[in-house]
Amino acid sequence: MKETLEKPQQITFDITDRCQMQCITCSKWKTNSIDVIDKELSTEDWKKVLFDLHSWLGEGFWFCFSGGEPFLRPDIFELSDYAHSLGIKIASMTNAFGIQNLYEKIINSHIESLNISLNSINNHNIHDLSRGRNGAYEKALEAITNLKKLRDEKKSNLGINISTIMFPENIDEIIPLVEFVTRNKINGIMFQLLDDKESFHGYNVQTSCNTQNYKMPQNLRNKYFNMSKKAIEVIDKLIEMKRAGHSIYNSFEQLEAMKVFFKNPDDILEEIKCDVGSTNYAIDPYGNVRLCFNMEPVGNVKENKPQEIWESVNAHNCRYLTKSCKMYCRMLNCNFKGNFVNFNKSFITKFKNKILKVFAGKF
């Protein structure tokens, strides 16, 4: 029986594995630029992908430039212009380390949403250490300040957002970051849980993870356990702040699920159905299509059109494997948005009971 497929909802262009950072939360920085720069899709290759996606999905869909650091590709603005000409909306991620000469271009481009990584606001060392690069905090803050000023002067519609990973060293920075966003009228902030850094790998170095037999590294599990009590208190405060009108993009459901996750990560693993194979469509720097960034690619856009790959046997097999996946990345922002509907009813009841126990201090 042929599966019934909806069109993908989360389109990502990982246009390069290259990056200037050496983040503790990622391993893409292990990519050697010299080894991959000639293997990346060309400007014309990406334009063909955009044309084929538009022919399949129509106008008005969003995609996100990701990486690596997307602004290491000088053709990002040409690609943005072409996407806009097709009626496609564009977002982008950036570490902001190398965009100091690009502020005008970014403001004048057709990129509609820019997500800047920032892991602390009061202690610059926390951000620098998490990024593995001295001066990372200074450049990120400079980019946020100058882009917002230039945006307001030019009356641009660029959305400027902050993306923050939550980990033990920055847990006391989370609330001040929200206050910073509100005080400076930044569009919003999105929090993400710390994940296994091997999940964020350069595709030339590591094609996939062992998703069927995965075990969370003990050091990562220990980090979750050691920060759990404080993290739950902070998340409760985030929920309160979101209700009060602070621009926190995480849904209430995701914030509540984070609390359960900190109590026991395995509860989430057992009770949330991963649906990325039916919602996500990512193209890596070399043209490989990945419905899940941790699984093997299901095709290559140099050989087949995006729709053919989406409907292929390889894609069907990938969707099947998500049912038995042992990884925890279903809690990540790019996955969770579409997944809350997949909580089963019994879990919702258990979920509420666990929250009540957390409120009662029963750790």
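**Pockets, cavities and a helix pair in the predicted model**

Eleven residues line the second largest pocket, and those that lie nearest its centre are K273, D275, S278, R319 and K323. The structure described here is a predicted model, and the volume of this second largest pocket in it is about 230 Å³. Two helices, α11 (276-279) and α13 (313-322), are the elements that give two or more residues each to the lining of this pocket, and α13 provides the largest share, with four residues. In terms of residue class, the lining of the second largest pocket comprises five charged, four polar and two nonpolar residues.

Apart from this pocket, the structure contains two cavities of 30 Å³ or more. The largest cavity holds about 40 Å³ of space, and its lining is formed by T25, I165, Q192, L193, L194, D195, F200 and L332. Five of the residues that line the largest cavity are nonpolar, two are polar and one is charged. The second largest cavity holds about 30 Å³ of space and is lined by L193, L194, D195, Y224, F261, Y328, C329, M331 and L332. Its lining consists, by class, of eight nonpolar residues and one charged residue, with no polar residues. L193, L194, D195 and L332 appear in the lining of the largest cavity and also in that of the second largest cavity. The charged residue in the lining of the second largest cavity is D195, as follows from the list of its lining residues.

A further feature concerns the packing of two helices, α7 (residues 174-183) and α8 (residues 218-243), whose axes come within 10 Å of each other and cross at roughly 20°. Because this angle falls under 35 degrees, α7 is described as roughly parallel to α8, and the crossing of the two helices is right-handed. The contact involves I174, I175, V178 and E179 on the side of α7, which meet V234, K237, L238 and M241 on the side of α8. By class, six nonpolar and two charged residues make up this contact, whereas no polar residues take part. The charged residues in question are E179 in α7 and K237 in α8. Helix α8, which spans residues 218-243, also includes Y224 within its range, and Y224 is one of the residues that line the second largest cavity.

Key. Residues numbered from 1 in each chain as written. Predicted model: local features only at pLDDT ≥ 70, side-chain atom pairs only at ≥ 80, totals over all residues. Heavy atoms only, no water. 1 Å grid on protein atoms, 1.4 Å probe; cavity = no way out; pocket = protein on both sides within 12 Å on 5 of 7 lines; lining within 4 Å. Points joined across faces, edges and corners; volume = space filled by probe spheres on them. Axes fitted to C-alpha atoms, helices over the stretch in contact; angles between N-to-C directions. Parallel < 35°, antiparallel > 145°, perpendicular 65-115°, else oblique. Left-handed = near helix turned anticlockwise from the far one by under 90°. Contact = heavy atoms within 4.5 Å.
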